[in-house]
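User: I should like a close look at a single part of this structure, set in its surroundings. Please explain it step by step, in terms a first-year student can follow.

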Amino acid sequence: MFRNIFIFFILFTALSLVSCQQKTVDNNKIQLTVSIIPQKYLVTFIAGDKFDIQAMQPIGSNHETYEPAPRDMEKISASKLYLALGALDFEMAWLDRFKASNPAMTVINTSEGIQMISGHHHEDEEADEQQNHGIDPHTWLSPSCMKVQAANISKALSTIDTANASFYNSNLNKFNQTADSVDRLIREKLAGSEGKSILIFHPALAYFARDYNLIQISIEQDGKEPSPAYLAELVKTAKGKNIKAVFISKEFDTRNAEVIALEIKGKVVVFDPMADNWAENMIHLADLIASN
Ligand SMILES: [Zn+2]
């Protein structure tokens, strides 16, 4: 009995030591915050284990409707650098507040240098006239745009940690090779699909469509649920183009997509724009488009 308690005590002490050590290691790392999960993939690629990286938006939440919770704001107060995607709704509404709550934090727009696509509409557009609405934020769903972001991230990390600049630069080169092979695979899979129209509920693929010569047709109408008249028009267009698939991001309600799929005798194809393994996810997306 006594021996068991002794062993338990030893184990307990050992576990506490491990957790203390873990904590010490984390505290030694500078914290960075990104906006969404796919950026975490990219920043981890460039930063390796040199930083503690966290995403503002929790897994499973919708990037179009997400609002930072108090526990998300704690990430801001602990961060030295905020790597914004560039044009997300919540960034437009919250970046100034992030800066105010931690004036020592540097804020970088990682999409700087990308030729942004306009014409992406949001439900609250009228309410926020001065904000940067209308700029399409979905730059992470494009290998060419991700390469621009990678270069911006490598530069930002090298600025706050000059001692490891060559490490970040060599990781940047590795990422560029990965993005190039993802791009090659996508082109192989989409060979013969040039000019193909993709009917999609929330128009997240504008940059992807620009890169790979596809046409994105949005079911959402100016960021809102489509009107019956617009739905009827979409069904007519889809039938005319012999479209058999309705694409939808997994965090959206599929009801409207199902109605259209039924009308065109096609099917609903669900994809996940927020997957944490970006490279695999992009190749999977190309497969879905090529086979539907
Ligand atoms: Zn979106």
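Analyst:
**The zinc site and its surroundings**

His-138 and His-202 are both buried. They belong to a predicted model, in which they help to hold a zinc ion: the coordinating atoms are NE2 of His-63, OE of Glu-64, NE2 of His-138 and NE2 of His-202, at 1.9 to 2.1 Å. His-138 and His-202 connect distant parts of the chain, being 64 residues apart. His-138 sits in the loop between strand 6 (134-135) and helix 5 (143-160), whereas His-202 sits in the loop between strand 7 (197-200) and helix 7 (206-212). Along the sequence, the donor residues follow the spacing H-E-x73-H-x63-H.

The geometry of the site deserves a separate step. In an ideal tetrahedral arrangement of four donors, the angles at the metal are 109.5 degrees. Here the four donor atoms subtend angles of 84 to 133° around the zinc ion. Four donors count as tetrahedral if all angles lie between 85 and 135 degrees, and the arrangement is therefore irregular.

The surroundings may begin with a sheet. Four strands build this open sheet in the order 2-1-3-4, with parallel pairing. Strand 2 (51-55) and strand 4 (106-109) are its edge strands, each of which pairs on one side only. On average, and with direction ignored, neighbouring strands are turned by 20° against each other. Five bridges join strand 1 (residues 30-34) to strand 2 in the parallel sense, and Ile-30 stands opposite Phe-51 of strand 2.

Two helices pack on this sheet. Helix 2 (residues 37-47) touches strand 1, strand 2 and strand 3 (79-84), and its direction makes about 170° with that of strand 2. Helix 4 (residues 89-101) touches strand 3 and strand 4, with a direction at about 160° to that of strand 3.

Aromatic residues complete the account. The whole structure contains 11 aromatic pairs. One of them joins Phe-175 and Trp-278 in a tilted arrangement, 5.8 Å centre to centre and with 45° between the planes. Phe-175 lies in helix 6 (residues 165-189) and Trp-278 in helix 10 (residues 278-291), so this pair ties together parts that are 103 residues apart in sequence. Phe-175 and Trp-278 are both buried. Together with Tyr-41 and Phe-45, they form one aromatic cluster.

Technical notes: Residues are numbered from 1 along each chain as its sequence is written. This is a predicted model: local features need pLDDT of at least 70, side-chain atom pairs count only at pLDDT 80 or more; totals for chains, interfaces and linings use all residues. Side-chain values use heavy atoms; hydrogens and water are left out. Donors are N, O and S atoms within 2.8 Å of the metal (3.2 Å for Na, K and Ca); water is not among the atoms, so sites may look incomplete. Four donors count as tetrahedral if all angles lie between 85 and 135 degrees; four count as square planar and six as octahedral if opposite donors are over 155 degrees apart and all others between 65 and 115; anything else is irregular. Buried means under 20% relative accessible area, exposed over 50%, partly exposed in between (1.4 Å probe, protein chains only). Two strands pair if DSSP finds at least two bridges between them. Axes are lines fitted to C-alpha atoms, for helices over the stretch in contact, and angles run from 0 to 180 degrees between N-to-C directions. Contact means heavy atoms within 4.5 Å. Rings of Phe, Tyr and Trp (its six-membered ring) pair if their centres lie within 6.5 Å; planes under 30 degrees apart count as stacked, over 60 as edge-to-face and the rest as tilted.
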